[in-house]
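Student: I should like to work through the strand pairing in this model with you. May we begin once the structure is in view?

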Amino acid sequence: MNTAVRQIGIHKPAIAEPIRLAGIIEDSIVDGPGVRFVVFVQGCPHNCDGCHNQQAQNFNGGFNADIYKLVDKIIRAKTTKLTFSGGEPFCSARELAKVAKLVREVKDVEIITYTGYLFEKLLEMAKTDKDIKELLSVTNYLVDGKFEKDKKTLDWFYRGSSNQRIFDITCYPNSTKARLIEKREDLK
Ligand code: SF4
C-alpha cells in the first residue's frame, strides 16, 4: 500500500492536491446501473445546446476539493460503483485517473466515465496525451458524445440523447476494439 493510501487509512490526507469539482453524489441511481458514487468535475468545452448541467461548464466555477479526501470518501462509501461525470471528465483526466488508481489500491470499483467527446476522438487524443490514455485505461464503461437536443430521449438507458453510445472499454489499452453496449442487461 503506498503512502497516500496509508495516510487515507489513518484519516490524515497527504498534502492537499486539488481537483476542481461541481459536486458529488454518494448514492445516485441514474448515472449507471446500481447505486453509484458520482464525481462531477467542473469545466466543459462542449457547450451542448440544452445542457442539463450548465453550472458545471465554467472552468472557473465549482470548488477545489482535495483528491485524497475525495478518495477517502469513495473508499468509505458502501457502493463499489463509481461514475465520473461533469462537466467534461477528460478535461480533468489526470486528477480522475489518480483518484481511480488510489481507490483501486484498497477497493475494487467498476467505473463509468461520461464524456462529450466521441470515443474515436479520445483514442486519437490518447496517442499524444498520457492523461487521456490513463483515464481511458481505468474506465470500464465509456458513455460518449455530446447531448443533442433534437435527439433527446427518456428511453435511452443512462443517456440523455440517442446519439450517445456506451462502450465496454475494459480491454483498453491492450485493445481498442471496444464492445458496444446495446441492451441494458449487457451493462454489468
Ligand atoms: S458535455 Fe455534458 S456538461 Fe458539457 S455541455 Fe454537453 S451536456 Fe453540458
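Tutor: In this predicted model, strand S4 (residues 81-85) and strand S5 pair over 4 bridges, in the parallel sense.

Student: Which residue in S5 stands opposite Phe-84?

Tutor: S4 and S5 are paired strands, and Phe-84 has its counterpart within S5. That counterpart is Thr-113.

Student: Which helix completes the β-α-β unit with S4 and S5?

Tutor: The two strands are parallel. Together with a helix spanning residues 93-104 they make a β-α-β unit that is right-handed. The helix is H3.

Student: Which residue in S6 is the bridge partner of Thr-113?

Tutor: S5 also pairs with strand S6 (residues 141-144), in the parallel sense and over 3 bridges. Thr-113, which stands opposite Phe-84, has a bridge partner in S6 as well. That partner is Leu-142.

Student: How many of the 5 residues of S5 are buried?

Tutor: S5 (residues 110-114) pairs with S4 and with S6. The strand is mostly covered, and its buried residues number 4. For the protein chain as a whole, the buried share of the 188 residues is 39%.

Student: Why is the protein chain described as being as compact as a globular protein of its length?

Tutor: The secondary structure of the chain comprises 5 helices and 8 strands. For 188 residues the globule rule gives 16 Å, and the chain is as compact as a globular protein of that length because its radius of gyration is close to that value, at 16 Å.

Methods:
Residues are numbered from 1 along each chain as its sequence is written. This is a predicted model: local features need pLDDT of at least 70, side-chain atom pairs count only at pLDDT 80 or more; totals for chains, interfaces and linings use all residues. A residue is buried if 20 or more other C-beta atoms lie within 10 Å of its own, exposed if 12 or fewer, and partly exposed in between; C-beta atoms are placed from the backbone. Two strands pair if DSSP finds at least two bridges between them. A crossover is right-handed if, with the strands pointing away from the viewer, the path from the first strand over the helix to the second runs clockwise. The radius of gyration is taken over C-alpha atoms; the globule rule is 2.2 Å times the number of residues to the power 0.38.
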